[in-house]
Amino acid sequence: MSHEALHESYVVQAHNFASAGEVSASIKRLLRHIGIDFGVIRRVSIAAYEVELNLVIHSRGGRIDLEIIPPIEIGGETGWLHLTSTDVGPGIRDVDLAMQEGWSTATDDVRDLGFGAGMGLPNMRRNADSFEITSEYGVGTTIKMGFKIQ
Ligand SMILES: Nc1ncnc2c1ncn2[C@@H]1O[C@H](COP(=O)(O)OP(=O)(O)OP(=O)(O)O)[C@@H](O)[C@H]1O
Ligand SMILES: [Mg+2]
């Protein structure tokens, strides 16, 4: 496999619905361009879209980091693609609750736009090969997802 090590960082603005989805679309384009497996691209795209929309809807802004570590650098047959979302608040009061399907704090305005089913975080966990969320209420949230690549 010929993927090279790569690190890209994308800024996501809070509450900007006009540009919502652009970062995950850029990530998808980049992964297609470098020839990542279609099945992996599909799962990464879903997770990237959900994590991006959460930054737009629920956070005060943040960024998404994409990192590709090819197998040759790890010394194995499997490389990893990491997606990390970091934001500047407000944090999640109860992460276990937020991880439950159907749980959402989305306002009626946001629900009218078609968001707020409470399925984003469960979807991320389902699509990633590894999933880690840490959040401090009043401070911010970090989500790290890993995807195996061959
Ligand atoms: N980055 C974040 N900062 C603060 N709160 C968050 C963040 N991401 C998620 N949350 C909280 O976790 C809840 C569940 O998130 P999840 O993505 O599962 O559902 P949703 O965004 O409400 O709806 P959907 O993703 O289905 O449109 C959100 O309603 C919100 O309260
Ligand atoms: Mg969501």
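In the predicted model, Arg63 is partly exposed, its relative accessible area amounting to 38%. Its side chain meets that of Asp65 in a salt bridge, with a separation of 2.7 Å from N to O. Asp65, by contrast, has a relative accessible area of 9% and is buried, since the limit for that class is set at under 20%. The contact between Arg63 and Asp65 thus joins a partly exposed residue to a buried one.

The pair formed by Arg63 and Asp65 belongs to a set of three salt bridges in the structure. Another is found between Arg126 and Glu101, whose closest N and O atoms lie 3.3 Å apart. Because Arg126 is located in helix 6, whereas Glu101 occupies the loop that runs between helix 4 (95-98) and helix 5 (108-112), this salt bridge ties together parts of the chain that are 25 residues apart in sequence. Glu101 has a relative accessibility of 52% and is therefore classed as exposed, the threshold for this class being over 50%.

A further salt bridge links Asp129 with Arg43, and here the closest N and O atoms are 3.5 Å apart. Asp129 is placed in the loop between helix 6 (120-127) and strand 4 (130-136), while Arg43 lies in helix 2 (residues 38-58), so that the pair connects parts separated by 86 residues in sequence. With a relative accessibility of 39%, Asp129 counts as partly exposed.

Helix 2, which contributes Arg43 to the salt bridge with Asp129, also contains Ile41 and Ser45. Ile41 is buried, at a relative accessibility of 2%. When neighbours within four places in sequence are set aside, the residues in contact with Ile41 are Lys28, Leu31, Arg32 and Ile36. In addition, the C-alpha atom of Ile41 is separated by 9.0 Å from that of Ile27, a residue 14 positions away along the chain.

Ser45 is likewise assigned to the buried class, on the basis of a relative accessibility of 13%. With neighbours within four places in sequence again left out, Ser45 is in contact with Ser24 and Lys28. Lys28 accordingly appears among the contacts of Ser45 and also among those of Ile41, both of which are buried residues of helix 2.

Methods. Residues numbered from 1 in each chain as written. Chains lettered and ligands numbered in written order. Predicted model: local features only at pLDDT ≥ 70, side-chain atom pairs only at ≥ 80, totals over all residues. Heavy atoms only, no water. Salt bridge = Lys/Arg side-chain N within 4 Å of Asp/Glu carboxyl O. Helix = DSSP H or I, 4+ residues; strand = E, 2+ residues; numbered from the N terminus. Buried < 20%, exposed > 50% of the residue type's maximum accessible area, 1.4 Å probe, protein only. Contact = heavy atoms within 4.5 Å.
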